[in-house]
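Good morning, and thank you for attending. Please turn to the sequence and the structure, which I shall now discuss.

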Amino acid sequence: METVMSPALFHLHTADLHRKNVVVIDILRATSTICTALHNGAVEIATTATPAEALHFRSQGYLCAAERDGQTVEGFELGNSPQDYTSEKVKGKGIALTTTNGTRCLRMARGAAHVFAGSFLNIDALANFLVHDGRDVMLFCAGWKDRFNLEDTLFAGALAARLTGFESHCDATLAAITLWDKAAANPENFLGQASHAKRFQTLHRESDITVCMRMNSAPVLPLMKEGVLRCMPAGTTA
Ligand code: 3SL
């Protein structure tokens, strides 16, 4: 098991990628939003590199969602707040989504055995699959524009702590578990210090932090294939 603290470090970890299960982590908010949308009945989420690319899906009946710098891009019906992805809006729908960091990392990880979107909302479902599957695991933190961030590392620690029995010689994983141990009693309070949490104060989206910290509230397995995320069917094995 290994932890990649930033996309800028990803190229150092690509050996044997095809043998690994990769969990892409963007707690605030892309991977939390993806879990919410699929849990609320979205059929699939097509990730795109740019907002312009996402808009091409509109003619096929997709909802189009784009976030840059924490804000909904003009002309899109959805941004990246999990609170906007209600079942009334997304049930039975395809969504085309692009975000600043999260969807970029999901696309970077292509070539892995499985690529999942991970969040506190689906942490135990993910841990169960990873333990059962037994393949080597990479925890890939999206960070913020190639920088380290607190929330993704904290989640990497929470997930790694559940993956008992996996061999790890990775200092980043040890550091993440240590951070989780420190914060586990009140993770939401701990994350109040994070730079992205502060950004949300300015954007008046602070309640998203509470939603993104709700453990196991969307217990789906969002699996990425050819740029598209769908729920892995229950009972799927390696
Ligand atoms: O960068 C991303 O992918 C987003 O999750 C950032 S934000 O939470 O929408 O600001």
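How many helices and how many strands make up the secondary structure of the protein? The answer is ten helices and ten strands. Please keep in mind that this is a predicted model.

Let us begin with the overall form. Taken along the principal axes, the box filled by the C-alpha atoms is roughly 45 × 40 × 30 Å. The radius of gyration is 16 Å, and this agrees with a compact globule, because a globule of 238 residues would have a value near 18 Å. Of these 238 residues, 56% count as buried. If we take the contacts between residues at least 6 apart in sequence, 76% of them join residues at least 24 apart.

I turn now to the interior. The largest nonpolar core has 39 residues, and those with the most contacts inside it include Ile 25, Phe 116 and Leu 163. Several elements each supply at least two residues of this core, among them strand 2 (20-25), helix 5 (123-133), strand 8 (136-141) and helix 6 (150-162). Apart from this core lies another, of 32 residues, including Val 24, Ile 45, Leu 63 and Ala 117.

Which residues does Leu 163 touch, if we leave out those up to four places away in sequence? They are Met 1, Ala 127, Leu 130, Val 131 and Val 137.

Finally, the surface and the charges. The protein exposes about 10,200 Å², of which carbon and sulfur atoms supply 51%. There are 22 positive and 24 negative side chains, and the centres of the two sets lie 3 Å apart. Thank you for your attention.

Technical notes
Residues are numbered from 1 along each chain as its sequence is written. This is a predicted model: local features need pLDDT of at least 70, side-chain atom pairs count only at pLDDT 80 or more; totals for chains, interfaces and linings use all residues. Side-chain values use heavy atoms; hydrogens and water are left out. Helices (H or I, at least four residues) and strands (E, at least two) are DSSP runs, numbered from the N terminus. The radius of gyration is taken over C-alpha atoms; the globule rule is 2.2 Å times the number of residues to the power 0.38. Buried means under 20% relative accessible area, exposed over 50%, partly exposed in between (1.4 Å probe, protein chains only). Contact means heavy atoms within 4.5 Å. Accessible areas come from the Shrake-Rupley method with a 1.4 Å probe; for residues, only the protein chains shown count as cover. Lys and Arg count as positive and Asp and Glu as negative; His and the chain ends are not counted. The place of a charge is taken as NZ of Lys, CZ of Arg, CG of Asp or CD of Glu. A nonpolar core is a set of buried Ala, Val, Leu, Ile, Met, Phe, Trp, Tyr and Cys residues joined through side-chain atoms within 4.5 Å.
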